[in-house]
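This report looks at the salt bridges of a predicted model. Please keep the sequence and the structure in view while reading.

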Amino acid sequence: MGTVHAKADNVDSMGGGIFEFEEPIELDDEPIPKPTIKLNGVRVEISRTKTLEPKTHCVFFCDTAAIHIINPSSRFGSTGATMELVLVNNAIFQVFHFVRRALDSMGCFRDIGVYIDVSSGPGSTPEGLEVTFQVKELSRIVGGINTTVSENEGNLVLGVKMPNVLGRGEKLQAEYSMGYRSSSNFSLTATKPYPHKPLVPVLSASLYQQNHEYPWSGYRLLDRGILLDLAFKSSPVTRHNLQWEGMVRDTSVLSKTTSFKVRESSGPQMKSILRHIVTVDHRDEPIFPTKGSWVQFTSELAGLGGGVANLKTELHAQTNHSLFESVVLQVTGSLGVLHDMFGTEIPDHFFLGGATTLRGFTQRGVGPTSDGQYTGGTMYWASGVHVYTPLPFQPGKNGLGSLFRSHMFLNAGCLALPEEKGIPALESLRAVRRRRATGRRTACSSASEPTSCNILK
């Protein structure tokens, strides 16, 4: 008997593989050593990618994206990777998983499979690996009906989407939503991704019309406009959005009891906005995170065209920590400043109160008022401490019950409309309002802080 060793040295070009086996001399008096494999000298490289079951030009789109994302020269050095790096550190397999997620984010496929094998056929090399992406594309037209909850009311949303219009990941989407009161929204969006570019940019253009009523402030708002957005990532967790928005805004009086201050803001206006949004997300989940932090900073400049000029900045932050199993402590904070140059009216102001801003208070129920109607402010801050736990007795565990949480919170914040600048303006933010309560929270589809529904006790 003897021991078989797999060696990476002196690869036999006629042996049909990258391993060479030899039979050592048997020693009766010595213990039989364990089999060993030397992997640090075995080179591997990605020599071919292909796609199975294509229906459209997505075969070219998929292969092009995969080839640019799987770049040995940028990830494993100019000579590829070693077998030790592949098997022990799972480096290449992690890249394949990244490629699969990138292709899935394009929204072109309903199923994506990744298969890895040694390279064969013309042009193959002993060190080559062949990667096969087996995909199933979505239908030409996809539609859906769902419901959402906004600040004012619940909405029924009808959507139609055409994924992969030209075979390169382009998407055309139309949505119409109707509230149970009187609000209605319509939007038409065209999206073009560039997955092979370094920053993975996504370019989109939207035409929209939004019609909302704000009974707490006594006015109705109708917006019609266009939004151009360039989204890209400077790191895996950092996302940027550069936007230009042009709109025609029409503010009208909601009832005869609307205050005179609100009536002064009524009428049509044109507004042009340049906006930059940077988001850093280290959370493990966007809806019910158990750990990690999330920070979003938004800066807007209005006035390059139109009749409104102002500068607005906002900062939102959130951190999550697991205290015990399924018990999460969340600390949140936000602040905003609006500097008016000319033409700024009530619809441009900040508002606090309600489930999406300051829980425990009525909708827009914090800040300056005029004849009992809330007119918003130009400076605010808000903070909160939240504890989320599963529902008692966990009904519907791993099912519908997993979409709900018991929620205990403590909120504090202030909204002001100072007439003076500098230190007096900051002193106006001292009038702190607090609220603590317990309630229940439902899961909502949102990339930032999800909407919550509180039952005060």
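## Arg283 and its partner

Arg283 has a relative accessibility of 10%, and it is therefore counted as buried, the cut-off being under 20%. Its side chain takes part in a salt bridge with Asp281, in which the closest N and O atoms lie 3.0 Å apart. Asp281, by contrast, has a relative accessibility of 25% and so counts as partly exposed.

## A network around Arg275

Through salt bridges that share partners, Glu245, Arg275 and Glu300 are joined into one network. Arg275 is buried, its relative accessible area being 12%, and its side chain meets that of Glu300 in a salt bridge with an N to O distance of 2.9 Å. This pair connects distant parts of the chain, since Glu300 belongs to strand β15 (residues 292-306) and Arg275 to strand β14, with their positions 25 residues apart in numbering. Glu300 is buried, as is Arg275.

The other salt bridge in this network is formed by Glu245 and Arg275, and here the closest N and O atoms are 2.9 Å apart. Again the link is between distant parts of the chain, with Glu245 in strand β13 (residues 238-253) and Arg275 in strand β14 (residues 267-281), the two being 30 residues apart. Glu245 has a relative accessibility of 11%, which means that this residue counts as buried.

## The structure as a whole

A search of the whole predicted structure finds 7 salt bridges, among them the pair formed by Asp281 and Arg283.

Methods
Residues numbered from 1 in each chain as written. Predicted model: local features only at pLDDT ≥ 70, side-chain atom pairs only at ≥ 80, totals over all residues. Heavy atoms only, no water. Salt bridge = Lys/Arg side-chain N within 4 Å of Asp/Glu carboxyl O. Helix = DSSP H or I, 4+ residues; strand = E, 2+ residues; numbered from the N terminus. Buried < 20%, exposed > 50% of the residue type's maximum accessible area, 1.4 Å probe, protein only.
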